[in-house]
Amino acid sequence: MTPLPASLLKPFVSPTLVLRNRIAMAPMTRGKSPRAVPGADVAAYYRRRAEGGVGLLITEGTPVHPLGSPGASVPNMFGEECLAAWKRIVDEVHCVGGKIIPQLWHVGPLRNPRDFPGSRLPVSPSGIGKPGDPVGEVLTESDIAEILRAFADATRHAKEAGFDGVEIHGAHGYLIDLFFWQATNLRRDAWGGDLVGRTRFAAEIVRACRREVGPGFHIQFRYSQWKQQDYTAKLARDPGELARFLEPLTDAGVDLFHCSSRRFWEAEFEGSPLNLAGWTKKLTGRPVLTVGGVDAERFVEPAQPCLPDSVAAADLMVARGEVDGVAVGRALLGDPRWVEKWAAGAGDEIRRFAKADLSTLA
Ligand SMILES: Cc1cc2nc3c(=O)[nH]c(=O)nc-3n(C[C@H](O)[C@H](O)[C@H](O)COP(=O)(O)O)c2cc1C
């Protein structure tokens, strides 16, 4: 018998979301939806994890706007055919007792132009994708209004399709994060400037989504300090800066923060053991998910072992009330029954994640 992660297995109850446990599936892009329409295999992929006991499925990133897609086989959250397909997936997940929310995404400059011949150039806050790297076009005022509208429409569509909420992707160096990041937001207008000015784009997106669906529909927000363009980047260097960053987002109506770190057990700031999610909960009073390296080797780097007993460490964080739950990514690719096996004391029967799982994504 492996020890039960008793706190992770407790239900989660908030005004907008009720879950059977504290384990979410982290959003993971699959790129297996020809013409951007998710098919029966996508439904089976999510259904397997719901049957395996996952409390909350967060889908792969789903573009809200044609210019926000990274590639042609990533399923959209707009267009009649896509929305009908998502509705079928939601129904399948609900049928087996699962909950599911889509991750709403705009990749900004990080799109593959070969997949979109003849389309407009990629867009970004200031025409750079990372420091010193000119790319595509600067967003105009009317582009920004169109993107706010697209996020709001996608949130309404998600509600109409029966999803249990939405997650807005503000992490990892995509469009929203490029507004946050001082190194890539050089704007002098109301969408740039100091830390609070740079959060305005995200806060207005949240506000637009909230206006569209009213107070009861769950809206969570994912953000990260790290960027795929620079793992050492920081939006906030101390708790004071983090508080200033989070306040406009909280005021705009975020129900839960999903704080993406690469190693969840690491303290965020000196002088306290709290990680990024722990600080976010302390500063906002909102529930939080932590993520990064639960039962899987260190992310992106050459294979290195994960924290020994990472599940017990995550369980302890929930037991202490520092975080409300964890998102699990690669471990759930390795074994769709990961939750069920931990809950049965059979953690040692789990099929471990292997690099090859990244190509099958089954
Ligand atoms: C194949 C793959 C695809 C991913 N795609 C996304 C994505 O679409 N959106 C996102 O926010 N994070 C994405 N991530 C990051 C994961 O959500 C998660 O933060 C990361 O894998 C760390 O969690 P883990 O150590 O449990 O795997 C992806 C990760 C992987 C491995």
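How many bridges join strand 5 to strand 10, and do these strands run parallel or antiparallel? The legends below take up this question and then move on to the rest of this predicted model.

**View 1. Strand 5 meets strand 10.** Residues 100-105 form strand 5 and residues 166-172 form strand 10; the two run parallel and are joined by two bridges. To find your place along the pair, look for Gln103, which stands opposite Glu167 of strand 10.

**View 2. The closed barrel.** Step back and the pair takes its place among eight strands, which close into a barrel in the order 3-4-5-10-11-12-13-14. Pairing here is parallel, and from one strand to the next the twist averages 25°.

**View 3. Helices lying across the strands.** Helix 3, made of residues 141-161, lies across strand 5 and strand 10 and runs at about 165° to strand 5. Follow the barrel along to helix 5 (residues 195-213), which lies across strand 10 and strand 11. Helix 5 runs at about 165° to strand 11, which spans residues 219-227.

**View 4. The shell around the ligand.** Here 17 residues surround the ligand, and the closest are Pro27, Thr29, Arg222, Gly293 and Arg330. Sorted by class, the shell has seven nonpolar, eight polar and two charged residues.

**View 5. Polar contacts with ligand oxygen atoms.** Thr29 places a polar side-chain atom 2.6 Å from an oxygen atom of the ligand. A polar side-chain atom of Arg222 also lies 2.6 Å from a ligand oxygen atom. Gly61 takes part through its backbone, with an N or O atom 3.4 Å from an oxygen atom of the ligand. On its own the ligand has 610 Å² of accessible area, and the protein covers 90% of that.

How values were computed
Residues numbered from 1 in each chain as written. Predicted model: local features only at pLDDT ≥ 70, side-chain atom pairs only at ≥ 80, totals over all residues. Heavy atoms only, no water. Pairing = 2+ DSSP bridges. Helix = DSSP H or I, 4+ residues; strand = E, 2+ residues; numbered from the N terminus. Axes fitted to C-alpha atoms, helices over the stretch in contact; angles between N-to-C directions. Contact = heavy atoms within 4.5 Å. Near = heavy atom within 4 Å. Polar contact = N/O pair within 3.5 Å; in protein donor to acceptor, adjacent residues only side chain to side chain. Areas by Shrake-Rupley, 256 points an atom, 1.4 Å probe, with all protein chains shown as cover. Nonpolar A, V, L, I, M, F, W, Y, C, P; charged D, E, K, R; others polar.
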